[in-house]
Amino acid sequence: MNPSVDSKKAVLLVNLGTPDEPTAPAIRRYLKEFLSDPRVIETPRVIWWFILNLIILRFRPSKLVEPYSGIWQDGESPIRRITNQQVAKLQQRLNRNIQTQHVKVAAAMTYGNPSFQTVLKELQVDGYDDILVLPLYPQYSATTTAASWDALSRAIKKMRNIPQVHFIKRYCQHPLYIEALATTVRNHWESTGRQAKLFFSFHGIPKSYIDKGDPYQSECITTANLVAEALQLSDDQWQLCYQSRVGAAEWLKPYTDETMKALGNTKLKGLDVICPGFSADCLETIEEIDEENRGYFEAAGGSDFHYIPALNDQDIHIDLLEALVKENL
Ligand SMILES: C=CC1=C(C)c2cc3[nH]c(cc4nc(cc5[nH]c(cc1n2)c(C)c5CCC(=O)O)C(CCC(=O)O)=C4C)c(C)c3C=C
Ligand SMILES: [Fe+2]
Ligand SMILES: [Fe+2]
């Protein structure tokens with residue numbers, strides 16, 4: 001007898017990860033895994049071990065309890081809740097189409113839960129042997145996309161019968177991504193009025209990573225230019241900046257916090273801020289942009305700060321994810 005080999009297809013949406021609960025021990029566990037990754041921190045390991053274990057993991061977890069507690073909703077971190085909504089909505093979409101009706105959608109996080117190891121095992125038990133991995137980072141960076149590739153390969157290394165794997169590296173200039181961002185901005189303008197200037201705030205990374213060949217910055221610039229073009233913005237109507245700097249080294253500039261303070265000082269009336277690199281709202285958008293940076297802007301004298309939420313589980317975002325699946329399955 002000649003047994004046939006059938007492969008069932010699955011799509012794996014990937015995001016960065018988040019603590020399991022807003023408590024110091026859970027935040028410490030998450031930060032330890034995240035900040036031990038040499039893709040994220042390139043400082044020589046021995047030096048970094050001391051900084052991480054003796055300074056960061058002692059003090060930062062307790063400092064983050066309050067901001068994480070403030071964004072926690074219905075017992076869940078927003079990034080995990082929104083990722084699960086994206087899974088459910090994409091699954092519904094794929095079920096509707098004859099070509100994709102049997103494709104299963106699942107999610108994994110690079111750090112924390114659900115891990116690649118757990119999800120790949122579950123998919124294998126259910127017979128899914130052909131997996132399209134879609135990291136929800138529109139702009140490629142070694143610190144995020146390559147880190148998710150590493151986490152995936154570590155999980156695969158533990159398997160005897162490995163799945164067929166396809167991996168989407170980036171979608172920073174995909175027409176449906178640009179359109180989804182432009183539509184989100186237009187909808188925001190329609191509902192709350194259009195402000196004087198639109199800011200694109202991307203997560204920063206150390207400048208030295210770019211100097212060594214990480215293409216992230218040029219991909220952020222590409223996205224921002226295309227969205228500005230789609231919205232027919234003139235050069236003085238928009239600006240790009242980079243948020244979330246950690247430590248003393250130089251990161252990508254201009255820094256979002258310094259920019260917000262400087263704009264506040266000009267007593268600017270009206271600012272829209274969008275974070276196109278975040279496919280789901282999380283600590284870095286809800287707390288850092290909409291609370292902390294809003295505070296810098298207003299304290300310096302600015303007014304009418306508007307944060308435009310991430311694409312999250314909006315239908316136009318699911319249109320993009322569905323297209324990426326169809327183009328790559
Ligand atoms: C210190 C180095 C860091 C680099 C480099 C970095 C790059 C990077 N991160 C994201 C997306 C997210 N980061 C998030 C949280 C977060 N990031 C860092 C550090 C680096 N990120 C830390 C220490 C933390 C934890 C919170 C804090 O201490 O401030 C999150 C949010 C997770 C959540 O739980 O809500 C996301 C998402 C990108 C896209 C990126 C490079 C392109
Ligand atoms: Fe980060
Ligand atoms: Fe607005």
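Which residues does UniProt list for "binding site"? The unreviewed entry names His203 and Glu284. They are spread over 82 residues of sequence, yet they cluster in space. The largest C-alpha distance is 8.2 Å. This is a predicted model.

## The two listed residues

Start with His203. It is found in strand β5, which covers residues 197-203. His203 is buried, because 25 other C-beta atoms lie within 10 Å and the cut-off for buried is 20 or more. Leaving out residues up to four places away in sequence, His203 touches Gln243, Ser244, Gly277 and Glu284.

Now Glu284. This residue is found in helix α10, residues 283-299. Glu284 counts as partly exposed, with 19 C-beta neighbours inside 10 Å. Its contacts, apart from neighbours within four places in sequence, are His203, Gln243, Ser244 and Phe278. So the listed residues touch each other, since the test for contact is C-beta atoms within 7 Å.

Ser244 belongs in this picture too. It is in contact with Glu284, and His203 also touches Ser244. Ser244 is found in the loop between β6 and α9. It has a positive phi of about 65°, although it is not a glycine. Is Ser244 buried or partly exposed? It counts as partly exposed, with 18 C-beta neighbours inside 10 Å.

## The ligand

How many residues surround ligand 1? There are 21, and the closest are Thr18, His203, Val246, Cys282 and Leu283. His203 is thus on the UniProt list and among the closest residues to ligand 1.

Three helices each supply at least two residues of the shell: α2 (45-71), α5 (142-157) and α10. Helix α10 is also where Glu284 is found. By class, the shell has 11 nonpolar, eight polar and two charged residues.

Where does ligand 1 lie relative to the domains? Domain 1 and domain 2 both give residues to the shell, so ligand 1 lies between them.

## The whole chain

Now step back to the fold. The protein chain has 11 helices and eight strands. The chain has 329 residues, and a compact globule of that length would have a radius of gyration near 20 Å. The protein chain has 20 Å, which agrees. Its C-alpha atoms fill a box of roughly 80 × 50 × 40 Å, taken along the principal axes.

Of the 329 residues, 40% count as buried. Take the contacts between residues at least 6 apart in sequence: 82% of them join residues at least 24 apart.

## Two domains

The domain assignment gives domain 1 (8-170 + 316-328) and domain 2 (175-308). Domain 1 is therefore written as two segments of sequence, because the assignment sets its bounds that way. The centres of the domains, taken over C-alpha atoms, are separated by 24 Å. The contact takes 23 residues from domain 1 and 21 residues from domain 2.

On the side of domain 1 that touches domain 2, α2, α3 (78-96), α5 and α11 (315-328) each supply at least two residues. The largest share, five residues, comes from α11. The residues of this side divide into 13 nonpolar, eight polar and two charged. Helices α2 and α5 appear here, and both also supply residues of the shell around ligand 1.

## Backbone details

Two peptide bonds are cis, and the table sets them out.

| Cis peptide bond | Omega | Loop holding the proline |
|---|---|---|
| Asn113 to Pro114 | near -5° | between β2 (104-109) and α4 (116-125) |
| Lys253 to Pro254 | near 0° | between β6 (238-243) and α9 (256-265) |

Pro254 shares a loop with Ser244: both are placed between β6 and α9.

Asp74 is a further residue with a positive phi that is not a glycine; its phi is about 50°. The place of Asp74 is in the loop between α2 and α3. Is Asp74 buried or exposed? Asp74 is exposed, because 6 other C-beta atoms lie within 10 Å and the cut-off for exposed is 12 or fewer.

Conventions: Residues are numbered from 1 along each chain as its sequence is written. Chains are lettered from A and ligands numbered from 1 in the order in which they are written. This is a predicted model: local features need pLDDT of at least 70, side-chain atom pairs count only at pLDDT 80 or more; totals for chains, interfaces and linings use all residues. UniProt positions are given in the numbering used here, feature names are shortened, and annotations may be inferred rather than shown by experiment. Helices (H or I, at least four residues) and strands (E, at least two) are DSSP runs, numbered from the N terminus. Two residues are in contact if their C-beta atoms, placed from the backbone, lie within 7 Å. The radius of gyration is taken over C-alpha atoms; the globule rule is 2.2 Å times the number of residues to the power 0.38. A residue is near a molecule or strand if its C-beta atom, placed from the backbone, lies within 6 Å of it. Ala, Val, Leu, Ile, Met, Phe, Trp, Tyr, Cys and Pro count as nonpolar, Asp, Glu, Lys and Arg as charged, and the others, Gly among them, as polar.
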